[in-house]
Amino acid sequence: MKPVMIDTTARHEQIAKSITEAGALVGRDELIGSIDLGSNSFHLAIARLDHGEIRKVASISEKVQLAAGLDENNVLSEEAMQRGLDCLHRFAQHVTEVNPSLLRVVATNALRKAVNAQEFIKRANQLLPKPIEIIAGREEARLIYLGVSHSNASTDKRLVIDIGGGSTEFIIGQGFEPIEMESLQMGCVSFTKKFFADGKITESAFDSAMKATKTELLSIEKRYKKVGWDNAIASSGTAKAALLVLRELGLADERITIEGMERLKRHLIKLGRIDKIDFEGVKAHRQSVFPAGVAELYAIMQTLGVSELGYSDGALREGVMYDMLGRSGDEDVRDRSIAAMAERYSVNIKQAARVMNTCARLFDAVKDKLGFDDEDRDLLRRAANLHEIGLAIGHSNYQKHSAYLLEFSDIAGFSQVGQAMMAQIALHHRRKLKTDAKDVVENLGGRKLVYLCLLLRLAVQANQSRTTKAAPISLNIITKDLWQVVVGEGLHEELIYSQLGADVAQFAKWGITLEVV
């Protein structure tokens, strides 16, 4: 396939510079860690930064099979939850030396699907020094590509395939930049339940799993082939096990081939049963899902025309760590995502800047008394930047449109909870506050999220005139729930007094006494 070449040199240099700067901030001997709550296995990785590269010092994987605990209504069983909690209890003992600011815990497809995911997360967060982030499928794909591209440096345009327990991610990228990203609902655990539940490895079971894979691929096949790639690479457990078994059988050296996959399929069918699988390359916890993974991988190679496939040991866990380093430097993908959304929805950048500046001033005045940190500052700033994106849909109740776009768009760099918190801040910056909405906000982000919602509300009030100069208001925190707003002399002084006076009753609904002086 003829690739469409793009110049990524400047981008490589920018990202490399960011990682180097982040390394200086992190400190040479500091540890960085990530925990990946996958649908099949939970993984823990701990590393040190060495000259801009992540060097793993510990890596642990445990079979949990959360996806196997989902019933037909996507309710996660208590048994599956307990397996996960037991694993996280053990993981927690290994991350005691990792600064929580340098640890991320991400959850993927099984917890994306589970209707009772929050019940599990609430219990799990009591065991961990950092809250769990459920990430969307495309965000998972972005992080996987980040891990692969840093672990296997190349300027080629590459197709990356990552078969998980419940979903499979497909990325075409060049250098460190993804071009196409997709997450499809198929994986080795879910396919085992569908096609190999009786433990038998038959021709019909294999063919059914491959047919289901090809059906899922219909949504991306044409588009991906049109974009094209120079070479293909696979990551994670299914591909690793397949490559090791192919080597063991003398069917591969460094790459998985389509011919080798056909012969591996025949070998597994000849074995006849999952409990007869006995390869050094297939760990005990992967034995039950190995045939389904092989069927899916083989069908992917057939459908996308991949004759041979390399393997990357770096994937989601490594991507999460490199993403953290980018946040520590000057390559925070979240800010690029916010800027892209502002441009896409034609945000009035001058008004957004005025509101952000007022938010920053109010935040700095109260941060110590309200217990804010830098993450809170960034959350407020990003929400302030995009609080008016709903105007692109319609003016009437546009704050609801803004909240919807922030919560349900695919925004690179953000977890589902992060997007939901931005959505709540944007939703409550105007119109009446509802008493029961306070409970929703507090359940999502605690009392601090309530405060952030109200800070944006005050900043928007101060900039209602949409002129170059905001109304001169200042904020004093008498107690956490007693706020005093001082309105200075200015062109719109009387209007601001009136608007803030009307907000006294609204703030009271959320437990804040607002004094306007």
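Which residues of helix 15 are buried? In this predicted model, where local features need pLDDT of at least 70, side-chain atom pairs count only at pLDDT 80 or more, while totals for chains, interfaces and linings use all residues. Residues are numbered from 1 along each chain as its sequence is written, and side-chain values use heavy atoms, with hydrogens and water left out.

In helix 15, the buried residues (under 20% relative accessible area, 1.4 Å probe, protein chains only) are Asp376, Asp378, Leu379, Leu380, Arg382, Ala383, Ala384, Asn385 and Leu386. These buried residues pack against helix 13 (333-344), helix 14, helix 16 (398-408), helix 17 (416-427) and helix 18, where contact means heavy atoms within 4.5 Å. Helices are DSSP runs of H or I with at least four residues, and strands are runs of E with at least two, numbered from the N terminus.

Three strands form an open sheet of mixed pairing in the order 12-13-14, two strands being paired if DSSP finds at least two bridges between them. Strand 12 (473-479) and strand 14 (513-516) are the edge strands, each with a single partner strand, so one side of each is left without a neighbour in the sheet. Strand 12 pairs with strand 13 (residues 482-487) in the antiparallel sense over six bridges, and isoleucine 477 has tryptophan 483 in strand 13 as its bridge partner.

Helix 14 (residues 349-370) lies across strand 12 and strand 13 and runs at about 10 degrees to strand 12, with axes fitted to C-alpha atoms, for helices over the stretch in contact, and angles running from 0 to 180 degrees between N-to-C directions. Helix 18 (residues 435-462) also packs on the sheet, touching strand 12 and strand 13, and its direction makes about 15 degrees with that of strand 13.

Technical notes: Buried < 20%, exposed > 50% of the residue type's maximum accessible area, 1.4 Å probe, protein only.
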